[in-house]
Amino acid sequence: MKLSMIWLFDGSADNEKTFSCLRRELPEVESTELILYADEEIESKYRDALRDFQYRLCVRGEMSDDAQQYAEGELVTAIHSGDTFSEGSIKAIIKEADRYSSETIFMLCKVMPDGREGAFSSSQKLDRPLVVHLDKDFAHYPFYFGGTFVRSDHYKKHPFREETGLEFEQEYFLRLCMEKKKVVFCPNDKYYSEQAREGDFTFFRNIYEKAWYEESFDKFWIPFLCSIKEKKGSIPYFVQ
């Protein structure tokens with residue numbers, strides 16, 4: 001199975017840590033392609049390190065249509081600069097994607113910089129991969145791309161709605177989860193974030209910014225919830 005990985009490149013992050021991780025993990029996968037979100041200046045700066053990978057440069061902003069056109073793998077994921085995967089985790093996800101061939105969404109346990117497991121991805125009391133049914137289990141689902149893998153047939157057909165502002169990733173994955181209603185969760189395989197994510201009420205930077213509250217409600221939550229209520233008559237419990 002071919003994997004497409006979108007690297008959201010940040011020149012100020014610990015990129016050597018991510019390079020080291022991908023040098024270890026990607027050779028374990030039958031076929032991979034790296035889609036590098038960066039500019040030509042950054043590509044030139046890291047050209048020597050990038051020689052280790054088959055990659056394509058995508059000179060655009062967040063999750064644009066360009067990446068959807070470039071992704072040729074059967075499974076698509078994203079990684080942020082400074083982030084890493086636990087050893088063997090990508091290979092494990094592909095194994096589960098082969099096993100659960102009718103499922104669309106696959107998720108690792110996501111770990112924050114302080115070592116705590118992230119919101120909605122806790123491995124507590126779980127010791128093997130499982131299919132989460134979102135009408136019964138409201139504690140395991142993705143709301144950002146890092147550590148989440150999606151079938152490319154869905155990814156290519158459903159664009160990110162960047163007009164939702166800071167919450168464009170969350171909007172995408174909530175919409176996807178409402179449609180598919182199931183997530184394959186791999187609790188023993190980890191995605192480590194260099195930056196704190198939503199759900200970390202101390203270190204997630206946006207909680208200290210007024211725009212995050214105003215933009216989240218005005219551009220995302222209010223229209224999103226109203227749209228769900230109008231279409232479905234009620235809001236799924238896991239969204240609440």
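D114 is partly exposed, with a relative accessible area of 39%. Its side chain meets that of R116 in a salt bridge, 2.7 Å from N to O. R116 is also partly exposed, at 47% relative accessibility. The model is predicted. The pair is one of 15 salt bridges in the structure.

**Overall make-up**

- The secondary structure comes to 8 helices and 9 strands.
- The protein has 240 residues, and 52% of them are buried.
- Take the contacts between residues at least 6 apart in sequence: 74% of these join residues at least 24 apart.

**Salt bridges**

- Side chains of opposite charge can pair when their charged atoms come close.
- R51 forms a salt bridge with D48, and the closest N and O atoms are 2.3 Å apart.
- Are R51 and D48 buried or exposed? Both are exposed.
- R51 has a relative accessibility of 60%, which is over the 50% cut-off, so R51 counts as exposed.
- R51 sits in the loop between α3 (47-50) and β3 (55-58).
- The side chains of R51 and D48 are also joined by a polar contact of 2.3 Å.
- E171 forms a salt bridge with R175, with 3.0 Å between the closest N and O atoms.
- E171 and R175 are separated by about one helical turn, because they lie 4 residues apart in helix α7 (residues 168-180).
- Both members of this bridge, E171 and R175, are buried.
- Elsewhere, K2, R56 and E72 are joined into one network by salt bridges that share partners.

**Helix α7**

- How far apart are the end C-alpha atoms of α7? They are 18 Å apart.
- That agrees with the expected span: at 1.5 Å a residue, the 13 residues of α7 should span 18 Å.
- Of the 13 residues of α7, 11 are buried, so the helix is largely enclosed by the rest of the structure.
- The buried residues of α7 include the charged pair E171 and R175.
- Among the other buried residues of α7 are F168, E169, Q170, L174, L176, C177 and M178.
- Y172 and F173 are buried in α7 too.
- K181 follows α7 and has a positive phi, near 65°.

**Aromatic pairs**

- The whole structure holds 14 aromatic pairs.
- F145 and F173 form one that is edge-to-face, at 5.3 Å centre to centre and 65° between the planes.
- This pair links distant parts of the chain, with F145 and F173 28 residues apart.
- F145 lies in the loop between β7 (130-133) and β8 (148-151), while F173 belongs to helix α7.
- Both F145 and F173 are buried.
- F173 also forms an aromatic pair with Y172, and this one is edge-to-face as well: 5.1 Å centre to centre, 80° between the planes.
- Y172 is buried, as is F173.
- A cluster of W7, F9, F19, Y46 and F53 is linked by ring pairs.

**Charges over rings**

- R56 lies over the face of Y70, at 4.9 Å from the ring centre.
- R56 also takes part in the salt-bridge network with K2 and E72.
- K110 lies over the face of Y144, at 4.0 Å from the ring centre.

**T18 and its surroundings**

- T18 is part of helix α1 (residues 15-25).
- Where does T18 stand on accessibility? T18 has 0% relative accessibility and counts as buried, because buried means under 20%.
- A polar atom of the T18 side chain lies 2.8 Å from the backbone nitrogen of G82.
- T18 touches W7, I79, H80, S81, G82, D83 and T84, leaving aside residues up to four places away in sequence.
- W7, one of the residues touched by T18, is also a member of the ring cluster with F9, F19, Y46 and F53.

Notes:
Residues numbered from 1 in each chain as written. Predicted model: local features only at pLDDT ≥ 70, side-chain atom pairs only at ≥ 80, totals over all residues. Heavy atoms only, no water. Salt bridge = Lys/Arg side-chain N within 4 Å of Asp/Glu carboxyl O. Buried < 20%, exposed > 50% of the residue type's maximum accessible area, 1.4 Å probe, protein only. Helix = DSSP H or I, 4+ residues; strand = E, 2+ residues; numbered from the N terminus. Expected span 1.5 Å × (residues − 1). Phe/Tyr/Trp six-rings, centres within 6.5 Å; stacked < 30°, edge-to-face > 60°. Lys NZ or Arg CZ within 6 Å of the ring centre and 35° of its normal. Polar contact = N/O pair within 3.5 Å; in protein donor to acceptor, adjacent residues only side chain to side chain. Contact = heavy atoms within 4.5 Å.
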